[in-house]
Amino acid sequence: MRKLFLLVIVAFAPAVINAQYYWDYGVSTGAANYLGEMGGKQLTRRDFVSDMKLQETRSSVGVFARYKIAQQFSVKASFNYANIRGDDALSTNPARHYRNLSFSNNLWELNAQCQWFFYEVNDLGHTYRYKDNFRAYIALGAGGMYHNPRAKYNGEWVDLRPLMTEDHKYTTITMTIPASAGFYFTINKHYRIGWEFCWRTTFTDYLDDASTHYVDKSGDPNPLASIMADRTDHAAANAWGAAQNPPQPGFGNNFGYHVWYDDQGNAHFNKRGDSTHNDSFMTTDVEFSYVFRGKSSLYRSHYSSIFKGKKYKHRKVRAKF
C-alpha cells in the first residue's frame, strides 16, 4: 500500500507542479438582468436585449478558478449568485402592463467554460520585461443552477412555485449554457483585472413563474394561489380599452382563467406566458484574480538541491532591430 501511495504521488507530482504555474483564482462583481415574459416596451416579445428593462437590473457576485491548458485555451470554473427581477408595471405594452405580473428570483449557479483567447498583447508598453499583458477571449460552457421565484403580496415575499399558479410544479434545478466574451489585463505577472459579459440560456421557462396560460385556482385550498395566479387590474384594463380609438370593450377580459370563444365556437385560453421560448439571463462583471506563477514548494524542496552551490553567469544580451 505504501509503495502504491508513493507511486501515485510521483505520477501526479508534475501535474501539481505545473498547476501551481497556470492557476489563477479570483472574484467577480457586477450586474444581472433577465429575458423572459415580463418586461419589454411597446412591441410584443423580441429576442435578446430588446426586451430587457434596465430599471430591473440587479447585482451579481461570484468566485472562480481558471487553469491554462494551452497558449490559447483556458478552463474556468465559477460559482455565481445573481438576482433577477421583472415587473409588468414597467412595460409600455398594454397586454403586458395590465397583466400586472411581477417576480424576483435569486439564482445560484455553478458552471465551467472553455475560453479561447483570440487576441493578446504579451508585452504591454514594450518594456521587454513581459510583466504586463492583455488578452481577449470568447467562451462556451455548461452549468447547473438553483432558482426559486417569488413575488410580493401585501408587502411580503411569497414563494410562487408551491402555489402552482399554472398547475405545473416545475423543478428548481435547471441546466444552463453560458456563452461569454471578455478580456483581462495581467499586471506585474501576478494580478489580473478584467471584464466579462455572460449570457446564460436555461432549460426552464419558469424563472419568472410564467410560461403558458391562466388556470382556475378559485377552488385551491390556499386562497393565495388564486390571487397570485391572476393579478390583473380588470377595471383599469377595461378603462384603457374604452378610451382607445376605436374603443376596445372588454379589454380586461383578455386576462384571467376564463375561456373565451371565437365566432366559430373555438375555445381559447387567455395567454399568461410564452412557452415557445425558455427564459435566459445575463451578467456583466468586473473580475479580480491572483496568478500563481513559479514553482511550488514541492518542487523547491526536492529539486533545488540539484543546483545548490552552483553559480551561473548571465550574459547581457542587447536587442537587435
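This is a stop-by-stop walk through a predicted model, with a selection to make at each stop.

**The whole chain**

Start with everything shown as cartoon. You should be able to count 5 helices and 12 strands. Of the 321 residues in the protein chain, 37% are buried. Switch on a surface and you are looking at about 18,900 Å² of accessible area, 60% of it from carbon and sulfur atoms. The chain also reaches across its own sequence: take the contacts between residues at least 6 apart, and 73% of them join residues at least 24 apart.

**The cores**

Now hide the surface and select Ala32, Tyr34, Met38, Ala82, Ile84, Leu101, Phe103, Leu107, Met145, Leu207, Ala210 and Phe281: these 12 residues are the largest nonpolar core. Colour β1 (23-35), β3 (73-87) and β4 (102-121) too, since those are the elements that give two or more residues to this core. General background for this stop: nonpolar side chains tend to be buried together in soluble globular proteins.

Zoom in on one core member, Ala82. Beyond its close sequence neighbours (four places either way), Ala82 is in contact with Ala32, Ser59, Ser60, Asn105, Asn106, Leu107 and Thr283. Then look for a second, separate core; it has 9 residues, among them Val158, Leu160, Tyr206 and Ala225.

**Three buried polar residues**

Select Arg135 next, in strand β5 (residues 133-146). Is Arg135 buried or exposed? Its relative accessibility is 4%, so it counts as buried. Show side chains and you'll find a polar contact of 3.1 Å between Arg135 and Glu120. The residues touching Arg135, sequence neighbours up to four places away aside, include Gln71, Gln72, Phe117, Tyr119 and Tyr184.

Move on to Lys217, in the loop between β9 (191-202) and α3 (223-229). With a relative accessible area of 6%, Lys217 is buried as well. Which side chain does the Lys217 side chain meet in a polar contact? Asp167, at 2.9 Å. Lys217 also touches Leu163, Met164 and Thr165 on one stretch of sequence, and Ala225, Ser226 and Ala229 on another. Ala225 may ring a bell: it belongs to the second core.

The third is Ser289, in strand β12 (residues 280-291), buried at 8% relative accessible area. Its side chain makes a polar contact of 2.8 Å with the side chain of Asp24. Among the other residues that Ser289 touches are Tyr25, Gly26, Phe64, Arg66, His190 and Tyr191. Put a distance label between the C-alpha atoms of Ser289 and Gly194: they are 95 residues apart along the chain but separated by 8.7 Å.

**A stop on β4**

Back to strand β4, for Ala112. This alanine is partly exposed, at 37% relative accessible area. Leaving out neighbours within four places in sequence, Ala112 is in contact with Lys76, Ala77, Gly141 and Ala142. Another C-alpha pair to label is Ala112 and Pro178, 66 residues apart in sequence and 8.5 Å apart in space.

**The cysteines**

How many disulfides does the structure hold? It holds 0. Select Cys114 and Cys198 to compare their surroundings: Cys114 is partly exposed, with a relative accessible area of 36%, while Cys198 is buried, at 1%.

**Backbone oddities**

Finish with the backbone. As a rule, most residues other than glycine have a negative phi, and most peptide bonds are trans. The next three stops go against that.

First, select 150-159. Strand β6 (residues 150-153) and strand β7 (residues 156-159) pair antiparallel over 4 bridges, and Tyr153 stands opposite Glu156. The two strands form a hairpin with 2 residues between them. In that turn, Asn154 has a positive phi of about 55 degrees although it is not a glycine. Asn154 also counts as exposed, at 67% relative accessibility.

Next comes Lys189, in the loop between β8 (173-187) and β9. Its phi is positive too, near 70 degrees, and Lys189 is partly exposed, with a relative accessible area of 35%.

Last, select Asn245 and Pro246. The peptide bond joining them is cis, with omega about 0 degrees. You'll find Pro246 in the loop between α4 (234-242) and β10 (259-261).

Methods. Residues numbered from 1 in each chain as written. Predicted model: local features only at pLDDT ≥ 70, side-chain atom pairs only at ≥ 80, totals over all residues. Heavy atoms only, no water. Buried < 20%, exposed > 50% of the residue type's maximum accessible area, 1.4 Å probe, protein only. Polar contact = N/O pair within 3.5 Å; in protein donor to acceptor, adjacent residues only side chain to side chain. Contact = heavy atoms within 4.5 Å. Pairing = 2+ DSSP bridges. Core = buried A, V, L, I, M, F, W, Y, C linked by side-chain atoms within 4.5 Å. Areas by Shrake-Rupley, 256 points an atom, 1.4 Å probe, with all protein chains shown as cover. Disulfide = S-S within 2.5 Å.
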